[in-house]
Amino acid sequence: MSAGTDSVIVIVPGLREHVADHWQTLLADRLTEAGRTVRTVPPLTEDGLSREARVAALDKVISETEGPVVLVAHSAGVITTVHWAQGDTTRVRGALLATPPDFGTPLPAGYPTPDVLHENGWTPVPRTPLPFPSVVAASANDPLGTAERIAALARDWGGTLVELGEVGHLNPASGHGPWPRAEELLRDLETG
């Protein structure tokens with residue numbers, strides 16, 4: 001067993017929560033089938049847009065998990081993770097942060113406005129270095145954040161930027177279900 005494969009994988013979904021054909025759900029299933037311990041932050045039944053509630057939900061999953069943890073976050077789950085990382089992160093070995101949104105600019109129609117994000121505690125987004133290794137996977141044509149702005153977030157967080165090409169927001173709406181590269185990036189993060 002390599003140095004990192006005893007870590008518990010904690011899946012941190014975005015605001016749209018769990019979708020059966022989302023790469024995070026499929027990754028969790030594959031890792032579980034391979035014998036890995038995987039925990040997923042559950043959907044919120046109240047306060048769905050509350051950053052505080054999402055951070056508390058992530059904290060609860062981690063506090064109920066024994067041993068080292070590797071986080072796998074997507075979209076607003078990335079922002080949840082960086083807010084959570086302002087507290088005690090001693091058990092976190094690393095984080096795969098896929099297609100974070102840019103909450104510093106207005107999002108497309110159908111997404112929360114800057115005022116709603118601010119009212120719910122999402123902004124300002126922490127820009128300090130994360131206290132654990134991270135890989136920030138960025139799309140060249142993500143409607144929720146330009147490649148340049150996401151690269152700046154990766155730099156500020158001290159993460160390794162991995163450019164994925166044109167993959168949209170890396171979700172079923174952009175034509176993505178399985179994302180095999182997630183396992184490769186996760187393996188590199190755990191053994192790096």
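How many nonpolar, polar and charged residues are there in the lining of the largest pocket? By class, that lining has 12 nonpolar, 8 polar and 2 charged residues. One thing to keep in mind from the start: this is a predicted model.

## The largest pocket

The pocket in question has a volume of about 330 Å³. Its lining is made up of 22 residues, and G14, L15, R16, S75 and Y111 are the ones that lie nearest the centre.

S75 deserves a second look, since this residue also has an unusual entry in its backbone angles: its phi is positive, about 55°, although S75 is not a glycine. Most residues other than glycine have a negative phi. As for where S75 sits, look in the loop between β3 (69–74) and α3.

## How α2 meets α3

Follow the chain on from S75 and you get to helix α3, residues 76–84, which packs with helix α2, residues 51–63. The two helices make an angle of about 75°, and their axes are 9 Å apart. Angles of 65 to 115 degrees count as roughly perpendicular, so α2 and α3 are roughly perpendicular to each other.

On the α2 side, the contact is made by R51, R54, V55, L58, D59 and I62, and on the α3 side by T80, T81, H83 and W84. Sorted by class, that comes to 4 nonpolar, 3 polar and 3 charged residues.

## An enclosed cavity

Now for the enclosed space. Rolling a probe the size of a water molecule over the atoms shows where empty space is left. Here, the structure holds 1 cavity of 30 Å³ or more, and the largest cavity has a volume of about 60 Å³. Both α2 and α3 give two or more residues to its lining.

Ten residues line this cavity, with P13, V41, R54, A57 and T80 lying nearest its centre. R54 and T80 also turn up in the contact of α2 with α3. The lining divides into 6 nonpolar, 2 polar and 2 charged residues.

## A long-range salt bridge

Side chains of opposite charge can pair when their charged atoms come close. A search of the whole structure turns up 7 salt bridges. One of them links R30 with E183, with the closest N and O atoms 2.5 Å apart. R30 belongs to helix α1 (residues 23–33) and E183 to helix α6 (residues 181–191), so this pair ties together parts that are 153 residues apart in sequence.

## A cis peptide bond

Finally, a backbone detail: the peptide bond joining T123 and P124 is cis, with omega about 0°. Most peptide bonds are trans. You'll find P124 in the loop between α4 (114–119) and β5 (134–138).

Note on methods: Residues numbered from 1 in each chain as written. Predicted model: local features only at pLDDT ≥ 70, side-chain atom pairs only at ≥ 80, totals over all residues. Heavy atoms only, no water. Axes fitted to C-alpha atoms, helices over the stretch in contact; angles between N-to-C directions. Helix = DSSP H or I, 4+ residues; strand = E, 2+ residues; numbered from the N terminus. Parallel < 35°, antiparallel > 145°, perpendicular 65-115°, else oblique. Contact = heavy atoms within 4.5 Å. Nonpolar A, V, L, I, M, F, W, Y, C, P; charged D, E, K, R; others polar. 1 Å grid on protein atoms, 1.4 Å probe; cavity = no way out; pocket = protein on both sides within 12 Å on 5 of 7 lines; lining within 4 Å. Points joined across faces, edges and corners; volume = space filled by probe spheres on them. Salt bridge = Lys/Arg side-chain N within 4 Å of Asp/Glu carboxyl O.
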